[in-house]
Amino acid sequence: MMDDLERRLRESFAQTAMLAPSAVDLASAARARALAQRRVGAVAGSLAVATVLITGVWGSGTLTSDSRSSEVASGQVGRGSPAASSPSAAETATPAGCRVTEPTRSGIPSEVAKQAFGNVFGNGRLWVGAWWTGGLLDQVRSKDLADDQFPYTAKYATWTLQDGKVSAAAGAPQVSVKRLDAPGHGEGSFGGYATTTEGFHFWPTGVGFSDTGCWQVTETVGGDSVTYIVQI
Amino acid sequence: VRVSIVRGVAVQFEDYVQARGQSLVRFAYVLCNDAHTAEDLAQSALAKAYRHWRRVRTSDHPDAYVQRIIVNTYLSGRRRRWTNELPVSDPTRAGDDAASDIADVAVARDAFVHLLEGLAPRAKAVLVLRYYADLDDAVIAVQLGISRVSVRSTASRALAQLRQAQAASAGEPDTTGRRRSS
């Protein structure tokens with residue numbers, strides 16, 4: 001028969017479990033594969049996936065929350081300002097009218113392509129993992145282990161390049177998050193620049209959203225910016 | 001053909017991670033009570049599981065296989081950060097404390113959790129497997145590679161230690177009838 005201590009143990013473990021990080025996503029699977037393949041020396045086409053992401057350094061290196069209205073068009077990338085003259089990215093309108101940004105299909109620097117698992121989006125010197133185009137989005141929407149303030153969160157990689165090489169020289173990007181279709185609170189954060197034993201480098205990036213809806217995320221560093229829109 | 005086969009395996013593996021990954025991180029977190037370590041443990045275990053994925057996925061209990069790896073990695077004390085990332089700064093320690101995770105604070109306030117951290121790793125692992133994973137002693141014995149008797153005695157000693165620690169922290173007589181010195 002279970003006594004008080006044993007009941008307490010069950011409760012404590014259950015409560016602790018609810019506080020566990022919610023960082024498992026397809027990138028985790030990719031990472032596991034990459035680690036495993038690296039050890040056994042297996043190389044298999046697209047599965048030699050170099051990966052990405054992110055978990056260990058999830059935090060609040062730089063945190064901004066942008067509740068201002070913005071002139072930034074959806075899915076734009078640019079230099080000099082968020083609404084710079086770089087070509088607009090493709091977008092797909094959801095039934096709710098959210099013009100979700102399509103991932104970049106061409107012109108992806110090899111340095112980024114070899115580190116990315118799945119789609120990416122960006123411009124010449126600033127690229128992000130297009131997490132909203134993969135299975136991670138479903139997990140973000142599931143509100144598993146929801147946080148009261150930001151129930152929907154995602155982690156992904158941001159790459160900054162200099163002279164065609166992934167580099168931290170430009171410093172940590174800033175990230176702002178705002179809801180487009182209604183009031184809402186968003187947050188973005190960057191962890192410290194990460195280096196993996198595979199020789200990959202990226203800025204671990206996190207975004208949080210207070211509600212489901214249409215959201216715009218803008219990352220800027222130096223004179224470069226990337227803006228994407230996601231339907232949570 | 002080789003690529004197709006491997007891709008198929010990977011899809012199944014991704015499905016598994018998608019479905020069960022969070023559960024594994026929770027399990028690891030209960031075990032180690034540290035977010036980063038939990039992610040390390042889960043990721044390392046998944047990497048090992050992937051290498052033997054055909055065997056794992058056809059087993060009756062894939063979770064048990066991965067959980068065993070997590071426990072053994074935890075007990076081995078040879079924790080390896082799953083990403084092997086070397087951040088130049090630790091954002092979780094940067095800035096003011098207000099930025100720290102509320103969840104961590106909640107855990108820190110839980111004195112009972114601290115008592116659990118006073119247990120030997122193997123003792124805690126036995127309790128986690130028994131009271132969180134709901135495994136019976138026979139299965140725990142297999143998971144840990146020890147005898148059923150050892151599982152029972154380890155659990156018994158751990159529970160006794162917790163009772164004693166609880167009594168001591170409350171300033172009440174412990175199971176030996178002594179009162180904690182102040």
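The following exercises, each with a worked solution, concern chains A and B of a predicted model.

Local features require pLDDT of at least 70 and side-chain atom pairs pLDDT 80 or more, whereas totals for chains, interfaces and linings use all residues. Residues are numbered from 1 along each chain as its sequence is written, chains are lettered from A in the order in which they are written, and side-chain values use heavy atoms, with hydrogens and water left out.

**Exercise 1. Chain A and its disulfide**

Describe the make-up of chain A, then locate the disulfide and state which parts it ties together.

Solution. Begin with secondary structure: chain A holds four helices and 14 strands. Helices (H or I, at least four residues) and strands (E, at least two) are DSSP runs, numbered from the N terminus.

Next, consider burial. Of the 232 residues in chain A, 56% are buried, where buried means under 20% relative accessible area, exposed over 50% and partly exposed in between (1.4 Å probe, protein chains only).

Then take the contacts, defined by heavy atoms within 4.5 Å. Among those in chain A between residues at least 6 apart in sequence, 67% join residues at least 24 apart.

Finally, search for disulfides, that is, pairs of cysteine sulfur atoms within 2.5 Å. The whole structure contains one over all chains. The partners are Cys98(A) and Cys214(A), with sulfur atoms 2.0 Å apart. Cys98(A) lies in the loop between β3 (91-93) and β4 (99-101) of chain A and Cys214(A) in strand β13 (residues 214-221), so the pair ties together parts 116 residues apart in sequence. The link is right-handed, with 75° about the S-S bond, and both cysteines are buried.

**Exercise 2. The packing of α7(B)**

Determine how α7(B) packs against α4(B) and against α8(B).

Solution. Two packed helices are described by the angle between their axes and the distance between the axes. Axes are lines fitted to C-alpha atoms, for helices over the stretch in contact, and angles run from 0 to 180 degrees between N-to-C directions.

Step one: the axes of α4(B) and α7(B) (residues 121-131) come within 10 Å and cross at roughly 160°. The two helices are therefore roughly antiparallel; the classes are under 35 degrees for roughly parallel, over 145 for roughly antiparallel, 65 to 115 for roughly perpendicular and oblique for the rest.

Step two: Val71(B), Tyr74(B) and Leu75(B) of α4(B) meet Pro121(B), Arg122(B), Lys124(B), Ala125(B) and Leu129(B) of α7(B).

Step three: α7(B) and α8(B) pack at about 135°, their axes 10 Å apart, and are therefore oblique to each other. The contact joins Arg122(B), Val126(B), Leu129(B) and Arg130(B) of α7(B) to Asp137(B), Ile140(B), Gln143(B) and Leu144(B) of α8(B).

**Exercise 3. Individual residues of chain B**

Are Gln67(B), Cys32(B) and Val139(B) buried, partly exposed or exposed?

Solution. Gln67(B) belongs to helix α4 (residues 62-76) and counts as buried because its relative accessibility is 14%. Leaving aside neighbours within four places in sequence, Gln67(B) is in contact with Leu24(B), Phe27(B), Ala133(B), Leu135(B) and Gln143(B).

Cys32(B), at 12% relative accessibility, likewise counts as buried.

Val139(B), found in helix α8 (residues 137-144), counts as partly exposed at 35%. Its C-alpha atom is 9.3 Å from that of Ala64(B), a residue 75 places away in sequence.
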